[in-house]
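Here is a friendly walk through one structure, starting with the ligand and moving outward. Have the viewer open and follow along.

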Amino acid sequence: MMWSCINLNLMQDHFNFIVIGGGVSGSIIAEGLVSKGHSVLMLEAGKFFYSNNYPKFDIDSNSQMYWNGGVELTSDAEIGLVRPKMIGGGSIINGGLLDRFDDLAFEGFKDESGIGFFNNTDMLPWFDKVETNTSIVKVPEQFANKNADIFRNGFKANGFTCNPLDRGQTDCRNGEGMDCIKCLAGCPINSKQSTMITYVRSALKKGLKVFSEFEVKKVEPGKKVKIHGQDRLDKKWSFSADKLVLASGAIGNSKLLMNSNFKNPNIGKRFYTHPQYMLMAEFDYDIDAFKGPLQSYKSDDLNFRNKGFKLENVFAPPAAMSVLFKGIQQEHFYCMKNLRRFASIEVAIRDTNPGEIKVGKYNKTIVHKELDSVDQRRKNLGYDAIKNIFYSQGAKRVIEGEFGIGLHLMGGCAIGENGESSVVDPEFRIHDERNIFCADSSIFPNAPGINPSLTIMALSKMAVEKFIK
Amino acid sequence: MKSKYLNSFAIRGLEKSGDVYIPGDKDLSSFSESGFIKYIDRQLENMEKDDIFGLNILLSLFSFFPQNLLVWSLKMASNSENYPGFIKPTTRLINMGLKGLSCSLYYSGLEELDSSHPRVMDIMKWNPKSLDSVDDKELTELIKNNDFNESL
Ligand SMILES: Cc1cc2nc3c(=O)[nH]c(=O)nc-3n(C[C@H](O)[C@H](O)[C@H](O)COP(=O)(O)OP(=O)(O)OC[C@H]3O[C@@H](n4cnc5c(N)ncnc54)[C@H](O)[C@@H]3O)c2cc1C
């Protein structure tokens, strides 16, 4: 394919740094780099969404804020992968839950990668830096809805331990009538701490240049890295940079490197998702899971952690719930019509069986990702715990969701000391490439079993220091 | 009703399969009665071209099925747990794809064609509240000045 290098007088085409992907990692890295006085261009396939233009209807948020209109299924159609597409990336539409890794998670990273800084002492300053810029609070218990009450009381009845969730938010004003289920399509009151609020705004003030709705198709390594892509009008553009930062997520980075003919056989491998399974329980009174905070509690049970799963109270808007309920005709219609009477809990498993990302015909994303017997056992243990919780609280019946959900897309460009078995080195540089870097979710060497965003943020902060050395 | 993405047979096929998931009752209209299909282009806007191609073929085929054969087919597709080989993922894909399309249109809080019907969400009493959105003038200005996309 021929890429024309067009240089409109309104824009420059060479930068100190180009960041591909404006999500969680890309926002932080871009802000860090412009703060140090570098010229930075961020290329992002999605749009700018913020409080002035968040879509009002699920049909629009699904089609505009995610790749391929909402959900991409794995090759066996067992897990639906949800891949955000906008400046701010996952932080605009995610649950906002921000947890530090525990020792178990870092030990797993260290064992797999051989990298020494994966421990809570070395990572502490980076977590601290992120947390000074992001307000993280315990979700206030006084606004917990009935879905959350069932979770908490069910935990108590079964002798399990749970605790309020830690969330990136300022004041969600639930007392004034705000229902946070809305913020799955962006928080209209700017309480949720998306990286748009915490980093992109400040980066723009410091001179960050952005090209939104621009999909990068190919990168060419060299003394100056060249980047080729396409805008929303399908016009082709080329840019160059002294250094390139890949921040387009697990699937985005893997596809980009494969499409650019990088030969490292580890690209696309070791893909994890913390597969999540929602179980819905019908009660004979209204639960109204949409009220107040969307989520309030998480399991905080060492027994669960050691067994490889965690539970959270959760729900989703009707359009998303409708695909989770099994069956057709009245069986399905009944559940939807009576959605108010359902509570829901999800189990997220710390998956051990890696998946693989490939590029198919017409540049289609193909993801192989299956649960092996260990993962299946983790899922079953979670199901048992959830059913015990629900039935202890008087559920009439419990329905298992139709498919698993992959929200934490991790790996594909695993970090490691050894270039034979990984893609990114401990300096966050692609092995054997002088000036191509990466520090986002794609570098995870395995599944931590903990919400990944805060650690992606901390690693991105750390990476900025290394890039500018 | 015309669509940029689906041909007229496929539209009919989607209406018929939507009725399998959303048959309606005394309170709520069925999928085809609701007229929500008029919003289909908003939903397909960013879908990959070859997925839309496949969807047109499948739905056009379904448009010729008698309704009871369609019900049977989608029932089989929704009970795919024990199907062998490639049949299982294919049938799961069909079931989830069609359920996703019709249910997203129906349960997104959009307005029905015949607005004398109460809104679906009102009948379901699914009414989350939101406070007024922040008018972020600063961000609007910053985006205008720094996003190349704004000057295309
Ligand atoms: C619904 C949902 C709920 C979640 N809840 C939580 C939670 O509560 N806590 C938590 O810790 N995590 C949560 N996550 C996961 C979390 O959001 C992700 O782990 C995180 O966003 C990953 O950060 P990232 O920077 O690696 O990628 P992303 O934030 O996904 O950003 C990648 C960006 O790159 C862009 N891109 C991709 N390819 C290209 C290309 N070729 N050209 C240009 N741009 C490209 C994408 O459009 C995207 O905007 C959730 C995710 C989802 C979907």
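## The ligand and its polar partners

A polar contact is a pair of N or O atoms within 3.5 Å. With that cut-off in hand, turn to the ligand in this predicted model. A backbone N or O atom of A:Met86 sits 3.0 Å from an oxygen atom of the ligand, so this pair falls within the 3.5 Å limit. A:Glu44 takes part through its side chain, where an N or O atom is 2.7 Å from a ligand oxygen atom. A:Gly96 adds a polar backbone atom, 3.3 Å from an oxygen atom of the ligand.

How much of the ligand does the protein bury? Taken alone, the ligand exposes 1,000 Å², and the protein buries 94% of that.

## The shell around the ligand

There are 35 residues around the ligand, and those that come nearest are A:Ser25, A:Glu44, A:Leu97, A:Ser441 and A:Ser453. A:Glu44 therefore appears twice in this picture, once in that nearest group and once through its side-chain contact at 2.7 Å, which meets the 3.5 Å cut-off. Sorted by class, the shell holds 16 nonpolar, 15 polar and 4 charged residues.

Several elements of chain A each supply at least two residues of this shell. The helices are α1 (24–35), α3 (90–93), α8 (249–259) and α13 (453–467), while the strands are β4 (79–84) and β9 (215–220).

## Two domains, one ligand between them

Where does the ligand lie with respect to domain 1 and domain 2 of chain A? Both domains give residues to the shell, so the ligand lies between them.

Each domain is assembled from separate stretches of chain A: domain 1 covers 1–49 + 114–134 + 193–263 + 414–469, and domain 2 covers 60–85 + 135–190 + 274–406. Their C-alpha centres lie 29 Å apart. The contact between the domains takes 25 residues from domain 1 of chain A and 25 residues from domain 2 of chain A.

## A residue that reaches chain B

Now move to A:Asn68, in strand β3 (residues 66–73) of chain A. Is this residue buried or exposed? A:Asn68 has 15% relative accessibility and counts as buried, because that value is under 20%.

The side chain of A:Asn68 makes a polar contact with the side chain of B:Glu48, at 3.1 Å. Leaving out residues up to four places away in sequence, A:Asn68 touches A:Arg83 in its own chain, along with B:Asn46, B:Met47 and B:Glu48.

## Positive phi in a loop

Two residues in the loop between β7 and α7 of chain A deserve a look at their backbone: A:Arg173 and A:Asn190. Phi of A:Arg173 is near 50 degrees, and phi of A:Asn190 is near 55 degrees. Each is a positive value in a residue other than glycine.

Their surroundings can be read from accessibility. A:Arg173 is partly exposed, with a relative accessible area of 32%, whereas A:Asn190 counts as buried at 18%.

## A stop at strand β5

Finally, A:Val137 is found in strand β5 (residues 136–138) of chain A. With 25% relative accessibility, A:Val137 counts as partly exposed. Apart from neighbours within four places in sequence, A:Val137 is in contact with A:Leu165, A:Asp166, A:Arg167 and A:Gln169.

How far from A:Val137 is A:Phe315? The two are 178 residues apart in sequence and 20 Å apart in space, C-alpha to C-alpha.

Notes:
Residues numbered from 1 in each chain as written. Chains lettered and ligands numbered in written order. Predicted model: local features only at pLDDT ≥ 70, side-chain atom pairs only at ≥ 80, totals over all residues. Heavy atoms only, no water. Helix = DSSP H or I, 4+ residues; strand = E, 2+ residues; numbered from the N terminus. Buried < 20%, exposed > 50% of the residue type's maximum accessible area, 1.4 Å probe, protein only. Polar contact = N/O pair within 3.5 Å; in protein donor to acceptor, adjacent residues only side chain to side chain. Contact = heavy atoms within 4.5 Å. Near = heavy atom within 4 Å. Areas by Shrake-Rupley, 256 points an atom, 1.4 Å probe, with all protein chains shown as cover. Nonpolar A, V, L, I, M, F, W, Y, C, P; charged D, E, K, R; others polar. Domains from an automatic or database assignment.
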